[in-house]
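Visitor: Please take me through the charged pairs in this model closely, one at a time. After that, go on to the parts of the fold that you can describe residue by residue.

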Amino acid sequence: MKCICVGDNVIDYYRNLNQMYPGGNAVNVAVHLSKLGVESTYLGNIGDDEMSNVIRKALVDNNVNFDRCVTIKNGTTKHCVYDVVNGERTFIEVRLGDNWSGAMTLSKQDIDYINEYDAIFMSVNSKMQDEIIKLKDTKSLFIYDFGEKEKYHTDEYLNTVCFNIDLAMLSLQDDDPNTMRVLADKLLKRNTKNILFTIGKKGQYLYNKSGIYYGKSKLVDAIDTMGAGDSFLAAFVIEAINKGFEKGIILNKQIIEYALDKASDNARKNCLVKGAF
């Protein structure tokens, strides 16, 4: 099995602790896939500033292939700034630098390369929404993380990216059933096969045309919650694939419950390390 994660790389800066860690949804998921024993590739633009070397070292150290990444001349690496207290983070600001390496434009060669993989992971943070249509005919499992911001849950945004999605993940603050149902219906109407909601300590819900399924979070005294969702997503997809998740499949109860349980284990362990991985 081999998976590719397309999109962002960032430095997560914990301002009050004066600590920095490599990150970005695509990088995080790629690393977690590798840690789970999967052949993992990261594809995206990388700057050539000092901090970009932190990203490269993290990928090398975690056995993630990034041979096709594009290095942007004089490109700067995005910094996400947080204050972190007792493992919980508060977002402060984003610093792009003078020449952010930015979103990637996918060439025909890139598309052909991406389609060689069993599963493709992308997220809103890739800022590549206008590129997604190029993957509408992919035969690979396509996984898309819609994050937590409401601007990525609007009809306008969904119309731009909802092509051929096998698993959508959304992060919510509350487990309000009406909110989940409205969002799930929007995605189901756009031919998204499975919709996964993560709600922190309140657990997870997976919606598809066969039903609604709940998974319980496995609580821990967290050192750092950064990357918990990415570690959860990586494990859920891999465990589901191992149980038969294929392109176009509506997951059944047995696969869902098994994958949710294993993914919760992985997220729990990840909350015991600093940084996203």
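Salt bridges, a central strand and the cores

Guide: Asp61 and Lys57 form a salt bridge in which the closest N and O atoms are 2.6 Å apart. This is a predicted model, and the distance is computed from its atoms. Both residues belong to helix α2, which covers residues 50-61. They are 4 residues apart, about one turn of the helix. Lys57 has a relative accessible area of 53% and is exposed, whereas Asp61, at 48%, is partly exposed. The cut-off between the two classes is 50%, so the two partners carry separate labels.

Side chains of opposite charge can pair when their charged atoms come close. The count for this model is 15 salt bridges. One of them again lies within a helix: Arg181 pairs with Asp185, with the closest N and O atoms 3.1 Å apart. Helix α5 (residues 177-189) holds both residues, 4 residues apart, about one turn of the helix. Arg181 is partly exposed at 33% relative accessibility, and Asp185 is partly exposed at 28%. There is also a network of salt bridges that links Asp155, Lys186 and Arg190.

A further pair is made by Lys134 and Glu131, where the closest N and O atoms are 2.7 Å apart. Lys134 is partly exposed, with a relative accessible area of 36%. Glu131 has a relative accessible area of 12%. Because buried means under 20%, Glu131 is put in the buried class.

Next, the loop between β9 and β10. Ile133 lies in this loop and is partly exposed, at 42% relative accessible area. Its C-alpha atom is separated by 30 Å from the C-alpha atom of Lys35, and the two residues are 98 residues apart along the chain. Ser140 is also in the loop, which runs between β9 (119-123) and β10 (141-147). Ser140 is buried, with a relative accessible area of 3%. Setting aside neighbours within four places in sequence, Ser140 is in contact with Ile114, Asn115, Tyr117, Asp118, Ala119, Ile120, Asp166 and Lys247.

Among the strands, β13 (residues 204-208) is largely enclosed by the rest of the structure, because 5 of its 5 residues are buried. Gln204, Leu206 and Asn208 point one way from the strand. Tyr205 and Tyr207 point the other way, and all of these residues are buried.

Strand β13 pairs with β12 and with β14. Strand β12 (residues 194-198) runs antiparallel to β13 and is joined to it by 4 bridges. Across this pairing, Thr198 stands opposite Gln204. The hairpin of β12 and β13 has 5 residues between the strands, and within this hairpin Gly200 takes a positive phi near 55°. Strand β14 (residues 211-215) is also antiparallel to β13, with 5 bridges between them. The bridge partner of Asn208 in β14 is Gly211. The hairpin that joins β13 to β14 does so through 2 residues.

Now the nonpolar interior. In soluble globular proteins, nonpolar side chains tend to be buried together. The largest nonpolar core in this model has 54 residues, and Leu33, Tyr42, Phe121, Leu167 and Phe236 touch the most other members. Helix α6 (residues 228-242) gives the most to this core, with 9 residues. A second, separate core has 37 residues, including Ile111, Val124, Ile165 and Tyr205. Tyr205 therefore ties the account of β13 to this second core, because the residue is a buried member of that strand.

Phe121 of the largest core can be described by its contacts. Leaving out residues up to four places away in sequence, Phe121 touches Cys3, Ile4, Cys5, Val6, Val29, Leu33, Ile143, Leu233 and Val237. Leu33 in this list is itself one of the core residues that touch the most other members.

Nonpolar residues also occur at the surface. Phe91, Val94 and Leu96 form a nonpolar patch there, and their accessible area together is about 250 Å². Phe91 is in strand β8, residues 88-95. Its relative accessible area is 45%, and Phe91 is therefore classed as partly exposed.

Conventions: Residues are numbered from 1 along each chain as its sequence is written. This is a predicted model: local features need pLDDT of at least 70, side-chain atom pairs count only at pLDDT 80 or more; totals for chains, interfaces and linings use all residues. Side-chain values use heavy atoms; hydrogens and water are left out. Patches are made of residues with over 30% relative accessible area and no salt bridge: like charges are joined within 9 Å, nonpolar side chains (Val, Leu, Ile, Met, Phe, Trp, Tyr) within 5 Å. Accessible areas come from the Shrake-Rupley method with a 1.4 Å probe; for residues, only the protein chains shown count as cover. A salt bridge is a side-chain nitrogen of Lys or Arg within 4 Å of a carboxyl oxygen of Asp or Glu. Buried means under 20% relative accessible area, exposed over 50%, partly exposed in between (1.4 Å probe, protein chains only). A nonpolar core is a set of buried Ala, Val, Leu, Ile, Met, Phe, Trp, Tyr and Cys residues joined through side-chain atoms within 4.5 Å. Contact means heavy atoms within 4.5 Å. Two strands pair if DSSP finds at least two bridges between them.
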